Amino acid sequence: MSFYEKAYWRWLWKSNQKRLLILMLILITVFVIPVAFDQIAASTQIYGMHDVPFRWTLSLVTFVLFAMALLLPALLFRYTTNKRSCDLYLSMPIKRTHFFWLQYGFGLSVMFLPCIMYFVSIMLSPRNWVYWQFHIIAVLGVYLMAIAFYAIVTFFVSKCNSFWDMACVSICILLLSLL
């Protein structure tokens with residue numbers, strides 16, 4: 001990786017820091033806090049349903065990953081819809097293939113955040129340590145499917161010339177995947 005690629009990677013992280021912080025706060029609120037409340041309730045014997053948060057968290061991880069796979073390409077490749085931005089980004093001293101892979105890799109690393117939060121929520125509940133292999137296989141399987149969906153959406157979004165083209169293509173891909 002050259003100096004310019006590393007500099008662009010650092011700039012990409014710094015420019016998206018607020019968005020990543022908001023995403024992490026939402027993920028903590030959705031995944032970790034219900035598990036903490038479940039632990040408190042189980043220790044005080046308020047209710048007996050000890051696995052309530054884990055009935056819906058895997059579904060939620062699936063929904064969040066596929067929503068991110070649908071939205072991240074439009075956010076990361078939005079420079080292709082504006083002539084000025086395209087001239088600016090593509091004239092940087094980075095090869096276009098390297099530039100594409102930097103954008104794509106950033107999206108993949110951001111998509112792994114819900115998986116990390118799910119694993120943290122699993123580790124907070126000692127009752128679920130017995131089934132940690134199931135949780136890892138299930139979440140990594142969903143992550144691999146989301147990567148495939150992300151690759152398809154990224155391919156089509158990178159070929160679009162306007163924001164409305166991106167929106168229409170993303171919606172069509174989502175509808176086709178539901179058939």
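Helices, in the sense used here, are DSSP runs of H or I with at least four residues, numbered from the N terminus. The exercises below concern a predicted model.

**Exercise 1. Determine which pattern of secondary structure the protein follows along its sequence, and how far the prediction can be trusted.**

Solution. Counting the elements gives eight helices and zero strands, and reading them along the sequence yields the pattern α-α-α-α-α-α-α-α. Turning to confidence, the mean pLDDT of the protein is 78, with 82% of its residues reaching 70 or more. Among the elements, helix α4 (residues 83-90) has the lowest mean pLDDT, 66, whereas helix α7 (residues 132-158) has the highest, 87. Where pLDDT is low, the predicted coordinates should not be read in detail.

**Exercise 2. Establish where the buried residues of helix α1 lie around its axis.**

Solution. Begin with the geometry: α1 covers residues 3-15, and its 13 residues reach 18 Å from the first C-alpha to the last, close to the 18 Å expected at 1.5 Å a residue. Next, identify the buried residues of this helix, which are E5, Y8 and L12. Seen down the axis of α1, these residues fall within an arc of 60°, so they line one face of the helix. Finally, consider the face turned away from that buried side, which carries the exposed residues F3 and K14.

**Exercise 3. Describe helix α5, and decide whether G105 is buried, partly exposed or exposed.**

Solution. Helix α5 spans residues 96-111, and G105 has its place there. The 16 residues of α5 reach 23 Å from the first C-alpha to the last, close to the 22 Å expected at 1.5 Å a residue. The residues buried in α5 are F99, L102, Q103, Y104, F106, G107, V110 and M111. For G105 the relative accessible area is 22%; since buried means under 20% and exposed over 50%, G105 counts as partly exposed. As a last step, look for a partner remote in sequence: G105 and W9 are 96 residues apart along the chain, yet their C-alpha atoms are 9.8 Å apart in space.

**Exercise 4. Find which residues form a nonpolar patch on the surface, and classify L178 by its accessibility.**

Solution. The patch is formed by I171, L174, L175 and L178, which together have about 400 Å² of accessible area. Of these, L178 can be placed in helix α8 (residues 163-178). Its relative accessibility is 65%, so L178 counts as exposed, the cut-off for that class being over 50%. For the wider setting, 35% of the 179 residues of the protein count as buried.

Note on methods: Residues are numbered from 1 along each chain as its sequence is written. This is a predicted model: local features need pLDDT of at least 70, side-chain atom pairs count only at pLDDT 80 or more; totals for chains, interfaces and linings use all residues. Side-chain values use heavy atoms; hydrogens and water are left out. Helices (H or I, at least four residues) and strands (E, at least two) are DSSP runs, numbered from the N terminus. The expected span of a helix is 1.5 Å times one less than its number of residues. Buried means under 20% relative accessible area, exposed over 50%, partly exposed in between (1.4 Å probe, protein chains only). The arc is that of the directions from the helix axis to the C-beta atoms. Patches are made of residues with over 30% relative accessible area and no salt bridge: like charges are joined within 9 Å, nonpolar side chains (Val, Leu, Ile, Met, Phe, Trp, Tyr) within 5 Å. Accessible areas come from the Shrake-Rupley method with a 1.4 Å probe; for residues, only the protein chains shown count as cover. A salt bridge is a side-chain nitrogen of Lys or Arg within 4 Å of a carboxyl oxygen of Asp or Glu. pLDDT is the predictor's confidence in each residue, from 0 to 100.
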